[in-house]
Amino acid sequence: MAPGFLDFVRTWEGESVVTAYDRPTGAWIFIAMHDTRLGPAAGGTRLTSYATPADGLVDAMRLAEGMTWKWAGVGMPFGGGKAVLAVPGEMSAGERAGLIDRYAARLVSLRGAFQTGVDLGTTPDDMVRIGSISGCAVGLVDGKPGDPGPYTAQGVFAGMRAALEHRFGDSDLSPRSVLIQGLGDVGFPLAGLLAEAGATLHLADVREAVVRRAQERFGGSAVRVDDMWDLSVDVYAPCAVGATLNPDTIPRLRCAIVAGSANNQLLTEADAERLHARGILYAPDYVINAGGAVAFGNIHLGERDQARLRARVERIGTSLREMFEEAAAADESPLHAARRRAHRFLDRAAPVRAKPRAAAASGGT
Ligand code: NAD
């Protein structure tokens, strides 16, 4: 048994986990639903191998809880959920397709209680298949995969402006410098928004070609990833990998604000205190990076109007502004204010029950 497994399971405060063994592939299916007071559980489906099935179960439970805070943090009518397909190893294309189909059939049996989208190891094509079978795939627009990156970038941009306003009393980006780490689906469009707003850009990515492409489009200077910690900037925007805020990097940071899209930016929650002690304003990652989830969650609920979708994503800035103010009043990291706010939102919620959706109406996280 995985070390700490029983301790974790005993302390998990979630509602339920649906478990199935997929005999043809030897995979375990775990669908964890953490808190559905706001609406049906929604979160990605992860398909990967683990040392033991118990590790996959713990991953599903842990990630489902994270989704509870994410949805509540941005006021969306979904509950925390996550699915893990813990596969024993490499599978043929046929085996994998069979597993996806049988997993989709499980979702049908849950009658809309779990809605899902792409995560590690699953693809937009998987979601099209899952959506067509179950009607439970988020991340699709009229049955086709959508791209959350630009919405996520818009949410980060809105959150960054809220942070600048809080810290400097002005959200104008033209006198500000921003270091973007990672120029992928989020970092690249974010660079575009920042360039348009007149910010000075510093661009870091492990792929040199992508840095050159961003420079050609948006200007800015290239920075080596190893050197970027010592760069003096107003904002550090981590948009690549997790755990970049840790006891080694935080003392080196020379920025006023951390505002980026990467998931799990803090190595541990203690790193939020380290940032606070250094006077660096931290925009909690799961709130500032929720733009794609907000947009596709709303699309899933039937919204198609681009202006209204963008306005909904823009509200991430308003939520963060309120969190920063609450945190400043209590002289604490915004991480705590974000969690309290989510709790308040959950406690006020009247329970909402899922309704099964028609496959054709499936929208898209
Ligand atoms: P991506 O894979 O499209 O891009 C990541 C970029 O980071 C790539 O260009 C890669 O070369 C670069 N990179 C990898 N390691 C690096 C490092 N150590 N230093 C600098 N650059 C590095 O990913 P994405 O979709 O843009 O997502 C970026 C981050 O935001 C991820 O942590 C992701 O989980 C998170 N996120 C993304 C979305 C979304 O809508 N795509 C939503 C929420 C959160």
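The exercises below, each with a worked solution, concern a predicted model of a protein chain.

**Exercise 1. Overall form**

Determine how the radius of gyration of the protein chain stands against the globule rule for 365 residues.

*Solution.* Begin with the secondary structure, which consists of 12 helices and 13 strands in the protein chain. The radius of gyration is 20 Å, close to the 21 Å that the globule rule gives for 365 residues, and the chain is therefore as compact as a globular protein of that length. Along the principal axes, the C-alpha atoms fill a box of roughly 55 × 45 × 45 Å. Turning to the surface, buried residues make up 52% of the 365 residues, while the accessible surface comes to about 15500 Å², with 52% of that area belonging to carbon and sulfur atoms.

**Exercise 2. Helix H4**

Find which residues of helix H4 (residues 124-134) are buried, and which elements they pack against.

*Solution.* First, list the buried residues of H4, which are Asp 126, Met 127, Ile 130, Gly 131 and Ser 134. Next, consider their directions around the helix axis: they cover an arc of only 135 degrees, so they lie on the same side of H4. Then look for their partners, which are strand E3 (41-48), helix H3 (93-109), strand E5 (114-118) and strand E6 (140-141). Finally, move past the end of the helix, where H4 is followed by Gly 135 with a positive phi near 70 degrees.

**Exercise 3. Helix H8**

Work out which residues of helix H8 (residues 270-277) are buried, and what they pack against.

*Solution.* The buried residues of H8 are Asp 271, Ala 272 and Leu 275. Because they cover an arc of only 110 degrees around the axis, these residues are on the same side of H8. Their packing partners are strand E12 (257-258), strand E13 (281-282) and helix H12 (334-348).

**Exercise 4. Gly 279**

Establish where Gly 279 lies, how its accessibility is classed, and which residues beyond its sequence neighbours it is in contact with.

*Solution.* Start from the chain path, in which Gly 279 lies in the loop between H8 and E13 and, just after H8, takes a positive phi of about 75 degrees. Its relative accessibility is 37%, which falls between the limits of 20% for buried and 50% for exposed, so Gly 279 counts as partly exposed. Once its neighbours within four places in sequence are left aside, Gly 279 is in contact with Arg 167 and Ala 256. As a last step, take the C-alpha to C-alpha distance from Gly 279 to Ala 104, which is 47 Å for two residues that are 175 residues apart in sequence.

Notes:
Residues are numbered from 1 along each chain as its sequence is written. This is a predicted model: local features need pLDDT of at least 70, side-chain atom pairs count only at pLDDT 80 or more; totals for chains, interfaces and linings use all residues. Side-chain values use heavy atoms; hydrogens and water are left out. Helices (H or I, at least four residues) and strands (E, at least two) are DSSP runs, numbered from the N terminus. The radius of gyration is taken over C-alpha atoms; the globule rule is 2.2 Å times the number of residues to the power 0.38. Buried means under 20% relative accessible area, exposed over 50%, partly exposed in between (1.4 Å probe, protein chains only). Accessible areas come from the Shrake-Rupley method with a 1.4 Å probe; for residues, only the protein chains shown count as cover. The arc is that of the directions from the helix axis to the C-beta atoms. Contact means heavy atoms within 4.5 Å.
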